[in-house]
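Hi,

Here is the model I said I would pass on. Have a look at it first, and then read my notes below.

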There are 2 protein chains.
Amino acid sequence: MQILEVAISLFAKQGFSGTTTKRIAEAAGVSEATVFKHFATKVELYHAILDLKACEGGMKTLPWEDPKIQDAIERSDDFEVFFTLAKVALENQQEDIDFMKLLFHSAFEKHELADMFFAGFVSQIYEFMGSYIRRRQKEGAMRSVDPKLAMRAFMGMLIHHSMNNILWDQGRRILDISNEEAADEFASILLNGIKR
Amino acid sequence: MQILEVAISLFAKQGFSGTTTKRIAEAAGVSEATVFKHFATKVELYHAILDLKACEGGMKTLPWEDPKIQDAIERSDDFEVFFTLAKVALENQQEDIDFMKLLFHSAFEKHELADMFFAGFVSQIYEFMGSYIRRRQKEGAMRSVDPKLAMRAFMGMLIHHSMNNILWDQGRRILDISNEEAADEFASILLNGIKR
DNA sequence: GTCTATAAATAGATAGAC
DNA sequence: GTCTATCTATTTATAGAC
């Protein structure tokens, strides 16, 4: 629906309280009354967005559903595992910049989207990749390091890089690099960093 | 001043448009009129905060002013350089959580604080540490990797870790680790990751 | 389903007394 | 320096016609 689309983009740009129903209506090309016919309150509209994005958007691409990663895990091809994870993550994040922004706003404003995202997606990645690292440690391929901390370091590289691209880099040309190159380098740094 | 203090904390929690002058006045224990006597407009109050925090807070601790880091750089003690940088950054960030939050809000809302911070602090770190990495590459101690990308990876670990601590971890006990341990591990990962 | 018109509440900001 | 009272514009939300 047109209203939802423009609302997503406006909430992403300016947060919840920074976005007026008037601007949403204008951007959607309808009257404010029409907005309130579809969504009884502004909060209800916001919730509709969260529901939509939480299901359709950020959460569906669980890394272990990617056949490339599953295959690489079976073969214990560390580089392929982390490189592919990084590439998929960077591409998803850049594809849905609005969702990323919404997510950060939610985290700051303590909306429940942040909690849902944390419980449903972030913590699963920590669990899943953490157990892979633990296995490779037992096999002697990786040195002794807290798998959760290693994953935090890796996720930090990915998320921070995306955030920089989203918030700063466009137009500023600080670091002009493809997702493929970035994924390659981040995976190399982490794996050399934690290998035995 | 009491008004500034509570305004910082409220703007950090809810952003600029999410914070009303009424709530600021209440929290400061004065009337709204008093707020407007001190700061002609809400925007002016916000600017006063930015000026204050930009000078007193986040910007003053330039890493190359730390004697420990200067010394370590002269001795080419890579671990000491990056470990100390990480420790100082993590401690500063945790000390001034409100400033961090304000900074992120600013970045999203496209206020000028974000630009100031970027131009005055972030880009200097990239320059400074980038040139250190370049020197160590020439000396054969580090492999060929874009110094800016390496720094982005490292800053990503630090900022992401802080963000997680600030936004999620308190109470959730996902990753209970001291700044010292985290700094140690992040420096190890980066340096092993990019060494020759 | 959508609009015009309008209500009700809240926002930022000012006047003027103490 | 601070307060009470008030103003104006904006914001969320509703009523009712088409």
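Starting with the DNA: the residues of the surface near strand D split into 5 nonpolar, 7 polar and 4 charged. In that count Ala, Val, Leu, Ile, Met, Phe, Trp, Tyr, Cys and Pro are nonpolar, Asp, Glu, Lys and Arg are charged, and the others, Gly among them, are polar. "Near" is used for a residue with a heavy atom within 4 Å of the strand.

Before going further, some housekeeping. This is a predicted model, in which local features need pLDDT of at least 70 and side-chain atom pairs count only at pLDDT 80 or more, while totals for chains, interfaces and linings use all residues. Residues are numbered from 1 along each chain as its sequence is written, chains are lettered from A and ligands numbered from 1 in the order in which they are written, and side-chain values use heavy atoms, with hydrogens and water left out.

Back to DNA strand D. It is surrounded by 16 residues, and the closest are A:Thr21, A:Lys42, B:Ser31, B:Thr34 and B:His38. Sugar and phosphate make up 57% of the strand D atoms that come within 4 Å of the protein. For polar contacts (pairs of N or O atoms within 3.5 Å), have a look at these three:

- A:Thr21 has a polar side-chain atom 2.8 Å from a phosphate oxygen of DNA strand D.
- A:Lys42 also places a polar side-chain atom 2.8 Å from a phosphate oxygen of DNA strand D.
- B:Thr34 has a polar side-chain atom 2.6 Å from a phosphate oxygen of DNA strand D.

The elements giving two or more residues to this surface are helix H3 (32-38) of chain A and helix H3 (32-38) of chain B. Helices here are DSSP runs of H or I with at least four residues, numbered from the N terminus.

What about DNA strand C? There, 16 residues surround the strand, the closest being A:Ser31, A:Thr34, A:His38, B:Thr21 and B:Lys42. Of the strand C atoms within 4 Å of the protein, 58% belong to sugar or phosphate and the rest to bases. A:Ser31 uses a backbone N or O atom, 2.8 Å from a phosphate oxygen of DNA strand C. From chain B, a polar side-chain atom of B:Thr21 lies 2.8 Å from a phosphate oxygen of that strand, and a side-chain N or O atom of B:Lys42 is 2.7 Å from one. H3 of chain A and H3 of chain B each supply at least two residues here.

On symmetry, a rotation of 180° with 0.0 Å of shift along its axis puts chain B on chain A with an RMSD of 0.3 Å, fitted by least squares on the C-alpha atoms of residues with pLDDT of at least 70 in both. The two copies are thus related as by a two-fold rotation axis. Both use the same surface: 100% of the contact residues of chain B recur in chain A, contact meaning heavy atoms within 4.5 Å.

Finally, the structure holds 2 cavities of 30 Å³ or more. A cavity is a set of points on a 1 Å grid over the protein atoms alone where a 1.4 Å probe fits but cannot get out, and lining residues have an atom within 4 Å of a point. The largest has a volume of about 50 Å³, and H8(B) gives the largest share of its lining, 5 residues. The second largest cavity holds about 40 Å³, and its lining has 1 nonpolar, 9 polar and 2 charged residues.

Cheers

Key. Polar contact = N/O pair within 3.5 Å; in protein donor to acceptor, adjacent residues only side chain to side chain. 1 Å grid on protein atoms, 1.4 Å probe; cavity = no way out; pocket = protein on both sides within 12 Å on 5 of 7 lines; lining within 4 Å. Points joined across faces, edges and corners; volume = space filled by probe spheres on them.
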